[in-house]
Amino acid sequence: MIQDIAPHQFHYHNEYHHFEIQKGDCVLFYRKREVLLAYDDEQIVYPKYEEISDRESRSCIYLFSIDAQRYYFCDETDETLMEAYQFVNIQKMRKGQPKHQAFAGVTGLQLAEWYRSRRFCGRCGTGM
């Protein structure tokens, strides 16, 4: 799928960085196999950090960037976003545009599941 996001594949960075989330960054919320987004005429738009209520109390994890756009995962859904956004099944991402935004939603889900399932050390059980 990464080959499908040309020319953005050369500007996809998933190495770890400790970036502070800021205005303009995309925030990804997941519910099972669904992602929160605006999906109008197959155009994908994710919520931005400045749209989230009670930002100070939220914990968001940097996932990756595509071009200059950073994507973060927030575990707890912001219900105030439900007027402008909806949960959409990840399968719809196959037809979504632009392709690099569809890629972000699918890849973000995989990383979110990894973070959710790796909260404790597999050897000693200590929180990570």
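How many bridges pair strand β1 (residues 12-13) with β6, and in which sense do the two strands run? I looked that up to get started, keeping in mind that this is a predicted model. I found 2 bridges, and the pairing is antiparallel. One residue pair I noted here is His 13, which sits opposite Ser 65 in β6.

**The other partner of β6**

Next I checked strand β7 (residues 69-74). I see β6 and β7 running antiparallel, with 6 bridges joining them. I picked out Ile 61 and found that its bridge partner in β7 is Phe 73. The two strands form a hairpin with 2 residues between them, and I noticed that Asp 67 has a positive phi there, near 55 degrees.

**Is β6 buried or exposed?**

I went through β6 (residues 60-66) and found 5 of its 7 residues buried, so the strand is largely enclosed by the rest of the structure. For the protein chain as a whole, I wrote down that 39% of the 128 residues count as buried.

**Stepping back**

I listed 1 helix and 8 strands in the protein chain. Reading from the N terminus, I get β-β-β-β-β-β-β-β-α, with the helix at the end.

Then I asked about overall size. I got a radius of gyration of 15 Å, which agrees with the value near 14 Å for a compact globule of 128 residues. The C-alpha atoms fill a box of roughly 45 × 35 × 25 Å along the principal axes.

Last, I looked at contacts between residues at least 6 apart in sequence: 70% of them join residues at least 24 apart. The protein chain exposes about 8,000 Å², and I noted that carbon and sulfur atoms supply 50% of that.

Key. Residues are numbered from 1 along each chain as its sequence is written. This is a predicted model: local features need pLDDT of at least 70, side-chain atom pairs count only at pLDDT 80 or more; totals for chains, interfaces and linings use all residues. Side-chain values use heavy atoms; hydrogens and water are left out. Buried means under 20% relative accessible area, exposed over 50%, partly exposed in between (1.4 Å probe, protein chains only). Helices (H or I, at least four residues) and strands (E, at least two) are DSSP runs, numbered from the N terminus. Two strands pair if DSSP finds at least two bridges between them. The radius of gyration is taken over C-alpha atoms; the globule rule is 2.2 Å times the number of residues to the power 0.38. Contact means heavy atoms within 4.5 Å. Accessible areas come from the Shrake-Rupley method with a 1.4 Å probe; for residues, only the protein chains shown count as cover.
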